[in-house]
Amino acid sequence: QLQASGGGLVQAGGSLRLSCAASGTIFGIDAVGWYRQAPGKQRELVATITTRASTIYADSVKGRFTISRDNAKSTVYLQMNSLKSEDTAIYYCNAELVITNYGTRRNYWGQGTLVTVSS
């Protein structure tokens, strides 16, 4: 139901844009979050966006990352600029999807996409 993509290898200072696309029969997408998990570390929240496009960012990415959503495409993006080696991690998206026309919601995780930043 959620497909994360856009990861890859980039040099420090470079940029990547991640996408999180919802598929299947859905009637809406509530809040969406991007998380990341570096080797040997716990998964941490990177950014969230609500249905009204209110955003929250981790202090470590403020001013460098931008989360946005395109409701017509059922897709949320994470634009990552000025990447640092410490941004290296597997990035996951998480979303509450409205799966029935009477408002049933279910939480989904995308499969993760690897971002590697070389210094």
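**Figure 1. Asp30 and its surroundings in strand 4.** In this predicted model, Asp30 sits within strand 4, the run covering residues 28–37. Is Asp30 buried or exposed? With a relative accessibility of 18%, Asp30 counts as buried, because the cut-off for that label is under 20%. Setting aside residues up to four places away in sequence, you can look for the contacts of Asp30 with Thr51, Arg69, Glu96, Val98 and Arg105.

**Figure 2. An open sheet of 4 strands.** Follow the strands across this view and you will meet them in the order 1-3-8-7, with antiparallel pairing. Strand 1 (2–5) and strand 7 (65–70) form the edges, and each of them pairs on one side only. On average, neighbouring strands of this sheet are turned by 15° against each other, direction ignored. As a reminder, strands of a sheet pair through backbone hydrogen bonds, either parallel or antiparallel.

**Figure 3. Strand 3 and its two pairings.** Here we zoom in on strand 3, which spans residues 16–22. With strand 8 (residues 75–80), strand 3 pairs in the antiparallel sense over 6 bridges. One pair to pick out is Leu16, whose bridge partner in strand 8 is Met80. Strand 1 also pairs with strand 3 in the antiparallel sense, over 4 bridges. For that pairing, try Ser5, whose bridge partner in strand 3 is Ser19. How much of strand 3 is buried? The count is 5 of the 7 residues, so strand 3 is largely enclosed by the rest of the structure.

**Figure 4. Thr113 and a polar contact with Gly7.** Thr113 belongs to strand 11, residues 113–118. Its relative accessibility is 10%, so Thr113 counts as buried. What does the side chain of Thr113 reach? A good atom to centre on is the backbone nitrogen of Gly7, which the side chain of Thr113 reaches at 3.0 Å. Leaving aside neighbours within four places in sequence, the contacts of Thr113 include Ala4, Ser5, Gly6 and Gly7. Leu18, Ala89, Ile90 and Tyr91 are also in contact with Thr113.

**Figure 5. The cavity and its lining.** The structure holds 1 cavity of 30 Å³ or more. The largest cavity has a volume of about 30 Å³. Which residues line the largest cavity? Look for Leu2, Cys20, Ala22, Ile29, Val32, Ser74, Val76 and Ala95. Strand 3 and strand 4 each supply at least two residues of this lining.

**Figure 6. Ser74, a loop residue with positive phi.** Ser74 is found in the loop between strand 7 and strand 8, and it is also one of the residues lining the largest cavity. Its relative accessible area is 19%, so Ser74 is buried. If you check the backbone torsions, phi of Ser74 is near 50°, a positive value in a residue other than glycine. For context, most residues other than glycine have a negative phi.

**Figure 7. Ala53, another positive phi in a loop.** This view shows the loop between strand 5 (44–49) and strand 6 (55–57), where Ala53 is found. Phi of Ala53 is near 70°, again a positive value in a residue other than glycine. Where does Ala53 stand in terms of accessibility? At 46% relative accessibility, Ala53 counts as partly exposed, whereas Ser74 in the previous view is buried.

Notes
Residues numbered from 1 in each chain as written. Predicted model: local features only at pLDDT ≥ 70, side-chain atom pairs only at ≥ 80, totals over all residues. Heavy atoms only, no water. Pairing = 2+ DSSP bridges. Axes fitted to C-alpha atoms, helices over the stretch in contact; angles between N-to-C directions. Buried < 20%, exposed > 50% of the residue type's maximum accessible area, 1.4 Å probe, protein only. Polar contact = N/O pair within 3.5 Å; in protein donor to acceptor, adjacent residues only side chain to side chain. Contact = heavy atoms within 4.5 Å. 1 Å grid on protein atoms, 1.4 Å probe; cavity = no way out; pocket = protein on both sides within 12 Å on 5 of 7 lines; lining within 4 Å. Points joined across faces, edges and corners; volume = space filled by probe spheres on them.
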